[in-house]
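Visitor: I'd like to walk through this one and hear the reasoning behind each label. Could you show it to me?

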Amino acid sequence: MQIKLEKKTKKFGGAYTNIVCKEKGVEQLVREGKTVSLEVVAGKFSKVTPRTLRTLIRGMVQSAKKNKLEKIVLELSFTDFPKCSEYGEEWFWSTVAENLILADYEYTSYKSKKPHYALSEVALVTDGGKAVQNGVAHGTTVAVEINVCRNLANTPGSDMTPAILAEKTKAILKGTKAVVTILDEKKIEKLGMGGVIGVGKGSKHKPRFIIIEYRGGKKTEKPIVFVGKGVTFDTGGLQIKPGMAMYEMHMDMSGGASVIASLSAIAKLGLKKNVIGLIPAVENGVGDDAIRPGDVLTMMSGATVDVLHTDAEGRLILADALHYARKYEPKLVVDIATLTGASLVAIGQHANVIMTKDRALEDAFRDLGEESGDYTFPLPLWDEYKQYTKGVHGDISNIPSSDSKYGGTITAGMFLSHFTKKMKWVHIDMAPRMTSVGSDKLAKGATGEPTRLLVKIVEKL
Ligand code: BES
Ligand code: MN
Ligand code: ZN
């Protein structure tokens, strides 16, 4: 889909039908021969907020696609959206462009018949100006990378092994300033990453450790490090997931995918910051060599971990990656992971869970969530929960060793906190946003979150 900018002075030709779009929706679409269009004349958008702007725009695309429109014309003016003024005009246009592109996305790689219909063009009729141009360019860059993220996450597990994810990372970042380094199993083992090696043992598709280094800032500036969970398929390990609980576990690398995509967006935007992406990539399989409940792993940090549940694998690989992050002396570490089913129980599917001991960061992440559209909501990381990470024979255990069936998202976060000491750190459990829900007005499958948030963090923090 192309977004074309047109000046407001231009008179619409006969090919278009003028339809006033009511604030409620965009149902009034008309076909007119081959070229059909929806023209949104500045309506009463006084109630539209940043949140509803996103779904309004996506709804337009959905309606256009449902009606097989090839081209739509949107006549919009920033001043008609008084409740969308808080982040400025450039943000407004960026958000418009971004959501047009996100709503247009469908995952069709595995359809045998290629679709012959596409919404090929959205003409944005505006009063012109730098804010429109910059905003649309920004939103387009970010959204294209979000869709790259969705492609990675939507790819079936058999076609997205750790080695393939590593190759895709190189391909995606090729031609940018970002440097990609792939560590294979031998190098991972040499580093002493017992968590990554341990989880990877149950699969013939061996682990990779993906490192992306983007240095757009001053040499002396400390980087932000993003750590993304890259479980290319999560069977649950020997404690195998039952029935449909295993379905969609090819998306257990969504955190890693969003790190790859956000670094690509950051590089393409040429942000003047230093940013590192780390993705431990493994398949959690059930082979003969798979880790067994009761096994004790020695992590890169030197800590020993009781594996009390083979399905709590994400925290084991993240622990090593978080420890590895230390060498960059980061000003901030953020890990992004489809870590717990419990997070969906806790907050449903409309926000990413954030956890940090730093209140200022918690507030900043909530605000940036609103601004970016990747909404976040906090859970605690209080010392009261530390008892649930006590080890039996090892130092700590990967799930609570005693009577705690509650608060699974928090105990997972507490586990990670053992490996982030003295670093500024935010944990994002993105499991609630791994897949879209109907009201998102996005295609079924991966949402591409929290890519927008990660870009925003780099821009603003
Ligand atoms: N990848 C899953 C979490 C998950 C579940 C993400 C559903 C998205 C949707 C994770 O590795 C996992 O299996 N977690 C377990 C932890 C449990 C064994 C303590 C879970 O949530 O059941
Ligand atoms: Mn698991
Ligand atoms: Zn998992």
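Visitor: What makes the approach of Glu 313 to ligand 1 a polar contact?

Guide: Bear in mind that this is a predicted model. An N or O atom in the side chain of Glu 313 is 2.9 Å from an oxygen atom of ligand 1. The cut-off for two N or O atoms is 3.5 Å, so at 2.9 Å the pair qualifies as a polar contact.

Visitor: How much of the accessible area of ligand 1 does the protein cover?

Guide: On its own, ligand 1 has 510 Å² of accessible area, and the protein covers 77% of that.

Visitor: Which ligand atoms do Asp 234 and Asp 252 approach?

Guide: Asp 234 has a polar side-chain atom 2.9 Å from an oxygen atom of ligand 1. With Asp 252, the ligand atom is a nitrogen, 2.9 Å from an N or O atom in the side chain.

Visitor: And how many residues surround ligand 1?

Guide: There are 16, and the closest are Lys 241, Asp 252, Asp 311, Glu 313 and Gly 341.

Visitor: On to the rings. How many aromatic pairs does the structure hold?

Guide: The structure holds 10 aromatic pairs. Take Tyr 87 and Trp 91: their ring centres are 5.1 Å apart and their planes stand at 55°.

Visitor: Why is the pair of Tyr 87 and Trp 91 called tilted?

Guide: The centres have to lie within 6.5 Å to pair, and 5.1 Å passes. Stacked needs planes under 30 degrees apart and edge-to-face needs over 60. An angle of 55° meets neither, so the pair is tilted.

Visitor: Are those two residues buried or exposed?

Guide: Trp 91 has a relative accessible area of 6%, which is under the 20% limit, so Trp 91 is buried. Tyr 87 comes out at 24%, between the 20% and 50% limits, so Tyr 87 counts as partly exposed.

Visitor: What makes Phe 92 and Trp 93 an edge-to-face pair?

Guide: Their planes are at 85°, which is over 60, and their centres are 4.9 Å apart, so the pair is edge-to-face. Both Phe 92 and Trp 93 are buried. They also belong to one aromatic cluster, along with Phe 45, Phe 78 and Phe 81.

Visitor: How do you know that Arg 51 lies over the face of Tyr 375?

Guide: Arg 51 is 3.7 Å from the ring centre of Tyr 375. The distance limit for a charge over a ring is 6 Å, so 3.7 Å fits, and Arg 51 does count as lying over the face.

Visitor: How many disulfides are there?

Guide: The count is 0. Two cysteine sulfur atoms would have to be within 2.5 Å. As for individual cysteines, Cys 84 is at 0% relative accessibility and Cys 149 at 2%; both values are under 20%, so each counts as buried.

Visitor: Why is helix H12 described as largely enclosed?

Guide: Because 8 of its 10 residues are buried, H12 (residues 451-460) is largely enclosed by the rest of the structure. The buried ones are Thr 451, Arg 452, Leu 453, Leu 454, Val 455, Lys 456, Ile 457 and Val 458.

Visitor: What is the peptide bond from Glu 449 to Pro 450 like?

Guide: That bond is cis, with omega near -10°. Pro 450 sits in the loop between strand E16 (425-429) and H12. Lys 441 lies in the loop between E16 and H12 too, and has a positive phi of about 55° although it is not a glycine.

Visitor: Why does Lys 441 count as partly exposed?

Guide: Its relative accessibility is 32%, between 20% and 50%, so Lys 441 counts as partly exposed. Glu 248 gets that label at 26%. Glu 248 has a positive phi of about 75°, although it is not a glycine, and lies in the loop between strand E8 (230-234) and helix H7 (254-269).

Visitor: What makes Glu 283 buried?

Guide: Glu 283 has a relative accessible area of 14%, under the 20% limit, so Glu 283 is buried. Glu 283 is found in strand E9 (residues 274-284).

Definitions and conventions. Residues numbered from 1 in each chain as written. Chains lettered and ligands numbered in written order. Predicted model: local features only at pLDDT ≥ 70, side-chain atom pairs only at ≥ 80, totals over all residues. Heavy atoms only, no water. Phe/Tyr/Trp six-rings, centres within 6.5 Å; stacked < 30°, edge-to-face > 60°. Buried < 20%, exposed > 50% of the residue type's maximum accessible area, 1.4 Å probe, protein only. Lys NZ or Arg CZ within 6 Å of the ring centre and 35° of its normal. Near = heavy atom within 4 Å. Polar contact = N/O pair within 3.5 Å; in protein donor to acceptor, adjacent residues only side chain to side chain. Areas by Shrake-Rupley, 256 points an atom, 1.4 Å probe, with all protein chains shown as cover. Helix = DSSP H or I, 4+ residues; strand = E, 2+ residues; numbered from the N terminus.
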